[in-house]
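Student: I have a model open and want to go through its cavity and its charged pairs. Can we take it step by step?

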Amino acid sequence: MRNAELPSAESLKEEGIAFEDLSEVYRRSRNFDTLTQNLVSEILKRAKGANLCYCVDGGVCEDRAARVLVKRKDVEVIEGKSKCAEIAARAALERYTALSAYDAPSAKLSLPLIVYDLDDRSLAGDVKLVLCERFGDEAKAYFFRGGEKREIALYEADRQAEYDSSCALVLPDTPLLKKTRFDTEDFTAVLKRLRAPDGCPWDRAQTHQSIRINAIEEAYELVDAIDADDADKICEEAGDVLMQAFFHTLIEEERGRFTVTDMISGVCQKLITRHSHVFGSDSASGADGALSVWEKNKMTEKHQNTYSDAVNDVPQCFPALLRAQKIVKRMAKGGWDYQDPANCKKKFDEEAKELAAAVKNGDKAQIASEFGDLLMVLMHTAYMLGVDSEQALLDTVKKVAERYTEWERLVLTDGKDVHELSDEERTAYYKQAKKNVSSR
């Protein structure tokens with residue numbers, strides 16, 4: 001028997017049935033995972049050449065070692081009385097998820113929930129932290145010990161008078177509007193309620209097209225929060241981006257074309273197959289190597305047989321600068337590369353001359369075309385230098401705006417009109433503004 005101190009051991013003693021106590025295994029195990037391994041090893045060792053019965057407290061699958069042993073072909077299961085079934089009956093639960101307190105940190109948690117084996121205050125504290133993170137400190141719970149049942153707030157789970165092998169914690173189901181912590185199922189339920197016939201008229205009226213720009217706006221707001229390193233805003237804006245993804249998925253679910261599960265399954269499958277250096281047999285050295293494996297798997301997945309397929313797959317709705325950067329990057333991987341910055345300089349000079357010729361001829365269409373070619377060379381140069389063109393331009397725009405703001409402030413402070421400055425005055429104010437902004 002795993003532990004002679006368990007209540008179920010008393011029945012063996014009353015019947016005069018001799019048994020061996022495995023408490024010694026507890027004392028030499030570093031943690032609960034090694035305890036399970038050590039128990040299984042000890043039981044299998046003693047079972048060699050013998051007809052051995054390993055007795056557990058409660059149902060067979062309520063014991064971690066037993067759950068390992070029942071997978072063997074040479075094991076016969078004689079089911080006992082489930083601890084959870086008795087607790088569930090006393091808590092009036094028709095359905096529930098049950099798990100050992102030792103399994104709580106790594107288990108999927110859903111309500112109603114029964115946590116048994118809560119036999120130690122320290123263990124109860126660990127379980128409390130896990131459950132409070134998932135369900136909230138004030139979630140209603142019931143603490144069971146022996147024949148006693150007491151309603152408590154979840155944060156009180158490790159503040160009870162005594163703990164033993166009969167202790168268990170029960171969290172009943174909580175109505176959606178009374179929850180303080182939510183999961184993806186709750187998220188979907190809220191959106192479905194908004195889209196229901198008696199839901200929100202505005203949400204019900206929306207289509208892919210009517211809210212498509214919202215996804216871009218929310219993504220930009222998330223990026224802005226990231227740039228500001230504002231954790232609260234990042235949390236909020238990431239939620240808004242997630243809401244856009246779920247809303248569009250829900251519209252498709254209503255049409256019967258795919259579901260939230262399909263969407264999540266797709267992205268998980270993609271992450272697994274593209275990270276074959278993590279989940280498969282490929283290997284990658286450093287971030288660049290990992291990116292190369294990703295790109296290779298992506299091309300295979302999308303049936304892109306040539307680099308041109310990858311180039312033409314860049315979304316046309318991207319902002320021009322971002323799309324150019326993506327295309328330059330993919331062309332470079334496909335052999336269209338200037339090899340070194342000196343070649344970039346040569347190509348830049350060629351395009352600059354062609355632009356100058358177009359300006360001289362006064363052909364606006366040609367000017368626009370040559371200017372675009374010049375910008376593309378700059379994009380390629382940035383790629384070769386390891387520069388993020390989008391971010392570089394954003395940083396420069398911010399810098400220019402700050403300098404102009406300071407420049408105008410200096411001019412107005414001196415009581416002058418920004419439109420009536422001489423070239424010398426304009427330059428002098430600019431130099432001072434640049435110096436002031438740089439020193440901040």
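Tutor: First, a term: a cavity is a set of grid points where a 1.4 Å probe fits but cannot get out. Keep in mind that this is a predicted model.

Student: What volume does the largest cavity have?

Tutor: The structure holds one cavity of 30 Å³ or more. Its volume is about 70 Å³.

Student: Which helix gives the most to the lining of the largest cavity?

Tutor: The lining includes Phe32, Leu35, Thr36 and Leu39. Two elements give two or more residues each: helix H3 (32-47) and helix H4 (64-69). The top contributor, with four residues, is H3.

Student: How many residues of that lining are charged?

Tutor: Arg2 and Arg64 are among the lining residues. Arg counts as charged. The lining divides into six nonpolar, one polar and, for charged, two.

Student: Is Asp63, the salt-bridge partner of Arg2, buried or exposed?

Tutor: Arg2 and Asp63 meet at 2.9 Å, N to O. They sit 61 residues apart, with Arg2 before helix H1 (8-14) and Asp63 in the loop between H3 and H4. The cut-off for buried is under 20% relative accessible area. Asp63 has 2%, so this residue is buried.

Student: Which residue forms a salt bridge with Arg64?

Tutor: Arg64 is buried, at 17% relative accessible area. Its partner is buried too, at 14%. The closest N and O atoms are 2.8 Å apart, and the partner is Asp103.

Key:
Residues numbered from 1 in each chain as written. Predicted model: local features only at pLDDT ≥ 70, side-chain atom pairs only at ≥ 80, totals over all residues. Heavy atoms only, no water. 1 Å grid on protein atoms, 1.4 Å probe; cavity = no way out; pocket = protein on both sides within 12 Å on 5 of 7 lines; lining within 4 Å. Points joined across faces, edges and corners; volume = space filled by probe spheres on them. Salt bridge = Lys/Arg side-chain N within 4 Å of Asp/Glu carboxyl O. Buried < 20%, exposed > 50% of the residue type's maximum accessible area, 1.4 Å probe, protein only.
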